[in-house]
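Reader: I am new to this structure and would be grateful for a close look at a single part of it. Please describe the place where its domains meet.

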Amino acid sequence: MRSLHRSIAIALLAMLFTGCGDCADTNGLTEPDDLDVSVDADTDDVGVPDTTTPDADDEDAHTLDTGPSCPALQSCGEDCCDEDQLCLAGSCVTPGASCESSLQCAADEFCEPTLGQCLPDLGDACIYRPEGNVFDPVVDVAWQATDDTPAPTHRQVMMTPSVVDITGDGIPEIIFSTFADHYYTNDGILRAVNGRTYEPVFDLTDPAHRVSAAASLAVGDIDRDGKNEIIAVLTGGHGLIAFDDHDTGWAEMWRTAPFPMGWDGAYLADLDGDGSVEVVGANRVFDGVSGAELCVNAAVSDTPQNSLVADLDGDGDLEVVAASGAFSFTRNPDGTADCPTAWTYDDGVGGYPAVADFGQFVGDTFEYGNFDGLPEVAIVTRRAQDALKLHDGRTGQRIWMAPMPTSGHPHYTDATCAGSLGAGPPTIADFNGDGLPNVATAGSCFYVVFNERGELMWKLPSQDFSSRVTGSSVFDFQGDGKAEVVYGDECFLRVYDGTGNGDGTTDIIFQIANTSGTTRELPVIVDVDRDYHAEIVVISNDYSAGLSQRCREDWPGFDDLGGSFAGVRVIRDVESRWVATRPVWNQHAYSVTNVCDGLDDSLCPGTANLPGAIPSPRLDNWRVEHLNNFRQNVQGEGLFNAPDLVVNQAQGTCNDDHLSLHFIASNQGSRGVIEGLPVALYYVDGDQELLIDVVPSDQLLAPGGRLELTYDWYDAPITSGDGEQVEVIARINDDGTGQRTLRECNEDNNELRATISCPCTNNDHCPRGHYCHNSGSCWPIQG
């Protein structure tokens with residue numbers, strides 16, 4: 001029997017949408033097009049197929065008119081768009097110039113980030129603002145060693161991963177190092193995976209290129225060729241090694257002579273604004289291109305404590321803040337360089353630094369919040385009474401000091417906590433939304449946040465007796481002006497309410513079991529898959545059976561929350577409610593203005609704005625109005641822009657062994673959606689909706705864009721000419737369980753219902769002994 005291929009008759013029972021109406025109610029966005037479709041054979045106002053034979057050139061298929069003459073993908077209200085146009089606000093629009101931020105567009109346009117082009121500004125955008133608890137996360141395994149992994153025994157991860165696009169495809173990679181057994185300072189293997197697919201990018205297993213797996217990485221364009229290099233700490237923790245960009249296959253670029261780096265990591269900056277990138281390691285400065293040592297300052301100590309770079313005195317040149325003080329950098333005419341001391345801490349006690357503007361001295365009094373555009377330096381020591389300190393960034397003078405709390409832990413005595421001194425590199429953010437910077441750090445027994453004056457805001461019990469130097473990061477996931485804390489200790493990854501309860505405590509918003517022997521690692525918050533929503537990237541390891549057992553014994557619920565794990569995981573909100581952020585976190589001592597993101601030109605002076613480019617000169621983080629923080633990522637443009645997703649046209653074909661369902665999906669909103677957007681197909685059986693399948697989109701659905709999705713249904717409950725009907729539902733933004741994958745500004749217009757039948761149109765469409773009745777059903781031949 002020859003293959004039958006003809007259109008099915010579709011009766012629209014309902015199309016659920018609130019759409020545009022008079023447009024004033026929907027922010028000026030278009031509604032689904034009205035459909036002119038054929039209905040079932042019982043309807044009087046439609047031509048009924050009869051037993052006549054179609055034209056010769058249409059012998060095998062009969063197509064019903066189910067829409068306007070304009071192709072469905074180009075229909076826009078009463079207009080018909082060109083193939084390269086979008087349908088915005090009921091009108092055909094040609095996307096404008098390529099862009100990375102709205103500053104590159106005309107005054108009446110905005111830069112749509114998923115499309116990367118300027119679009120007309122419609123005024124009231126399609127907006128979704130997260131409200132209430134936005135922590136209902138999904139935990140993805142981004143990397144875990146298997147038998148197929150190169151060097152599979154190197155399965156443990158205990159360092160801060162870097163996230164940035166290193167292949168030039170526009171999608172960030174997660175770059176990290178791994179170790180075998182418990183040898184985390186030696187013989188580490190550098191690896192990278194794609195941030196969207198988690199597919200491997202490289203595994204540098206060459207024994208000559210082993211690194212310290214306890215140290216962090218610095219990733220950026222150090223030779224100004226538009227591509228990113230990777231700087232790691234050499235195996236054993238002595239010296240640095242640079243790997244060239246992806247065009248070279250990650251070939252070794254240079255390595256330094258041995259010097260102490262331990263668990264540290266490099267810092268990338270153009271120190272003197274001459275266009276060349278320098279690499280800072282502890283108290284040394286190296287040339288980014290050659291790796292040559294330019295200078296070393298012995299006065300600030302060579303102890304590696306995550307040195308950072310900042311313009312401390314406002315003269316436009318950057319200083320290096322190292323373990324015991326700060327030094328400046330000057331290139332000489334003969335090509336050499338000097339690193340003269342700026343100051344050392346006046347009390348002689350150094351530590352891990354972070355910088356922000358807390359205020360200024362007026363006479364002998366420090367006025368908090370009286371910002372002068374110059375940073376102070378917050379440092380964490382390994383001492384008791386002065387565990388956390390704040391110093392004047394110009395002079396090194398101490399402003400205040402504060403002890404780490406040691407009492408009130410639910411599992412450990414005060415003596416145990418007091419006997420385990422130390423805390424990790426500080427994080428600075430506005431935790432409570434009052435406009436002033438606060439400082440946070442993690443010790444052996446508590447995660448602690450201090451206000452700008454060094455007074456305790458809140459503490460919460462944690463556990464880190466192994467290193468007591470873990471870091472943390474912060475992010476405003478809801479965009480409400482208040483930062484949440486993300487911290488991983490030996491047993492858990494937790495997200496804390498940054499504001500606190502006003503009584504010295506705070507709430508745990510989310511937690512999972514996440515084991516680590518701990519070095520200085522911290523979780524990073526970044527748009528790892530370029531979906532314009534923030535994710536958390538966190539590492540873990542399980543090499544210490546004793547540690548995992550202690551977590552199990554001391555913390556009820558540890559196994560219920562997942563137990564021990566080794567690898568890299570990505571945590572995202574189940575409905576993508578977390579606001580947008582940058583697709584970059586390139587080094588441990590991260591602040592927004594130290595690296596370009598490929599999005600915001602204003603944060604990338606002096607160089608082409610590509611992810612990983614190093615600004616030259618760079619902006620002071622504390623002078624940018626919405627920043628003044630350290631180890632906190634920032635929200636992106638169009639913070640609350642959202643899509644509005646609709647299934648708004650339907651057509652189908654009936655084949656001899658299956659139905660082909662065709663649907664047009666459109667985006668009426670202000671934010672594009674990357675590939676993978678699900679459309680769930682159901683059929684109605686009595687009072688039940690039974691899942692047929694889920695069809696994912698295979699390309700970007702930009703604002704005003706449309707996609708055609710097709711599904712071949714092989715076990716459909718109707719066949720040609722049987723006179724039966726089936727009601728089908730196409731529901732966009734549904735993963736097949738009724739769960740949304742992202743939030744929209746309008747979520748009442750996501751489905752289309754259609755009643756489907758397969759009428760015959762001639763006798764050849766019927767089985768032997770039957771003929772095609774003009775009702776569209778096959779009737780038996782009498783006699």
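Author: Between domain 1 and domain 2 there are 3 salt bridges, a salt bridge being a side-chain nitrogen of Lys or Arg within 4 Å of a carboxyl oxygen of Asp or Glu. R743 forms a salt bridge with E575, and their closest N and O atoms lie 3.0 Å apart. The two domains also share 5 residue pairs in polar contact, with both residues at pLDDT 80 or more. A polar contact is a pair of N or O atoms within 3.5 Å; within protein, one must be able to donate a hydrogen and the other to accept it, and residues adjacent in sequence count only if both atoms are side-chain atoms.

This is a predicted model, in which local features need pLDDT of at least 70 and side-chain atom pairs count only at pLDDT 80 or more, whereas totals for chains, interfaces and linings use all residues. Residues are numbered from 1 along each chain as its sequence is written, and side-chain values use heavy atoms, with hydrogens and water left out.

The domain assignment places domain 1 at 137–603 and domain 2 at 645–758; such bounds come from an automatic or database assignment. Taken over C-alpha atoms, the centres of domain 1 and domain 2 are 45 Å apart. To the contact (heavy atoms within 4.5 Å), domain 1 contributes 10 residues and domain 2 contributes 8 residues.

The size of an interface is often given as the accessible area lost when the parts come together. Here domain 1 and domain 2 bury about 740 Å² between them, with 49% of it on carbon and sulfur atoms; buried area is the accessible area (1.4 Å probe) that two parts lose on being put together, summed over both. Within domain 1, the residues that lose the most area to domain 2 are R196, V574 and E575, together accounting for 59% of what that side buries. E575 is thus named twice, as it is also the salt-bridge partner of R743.
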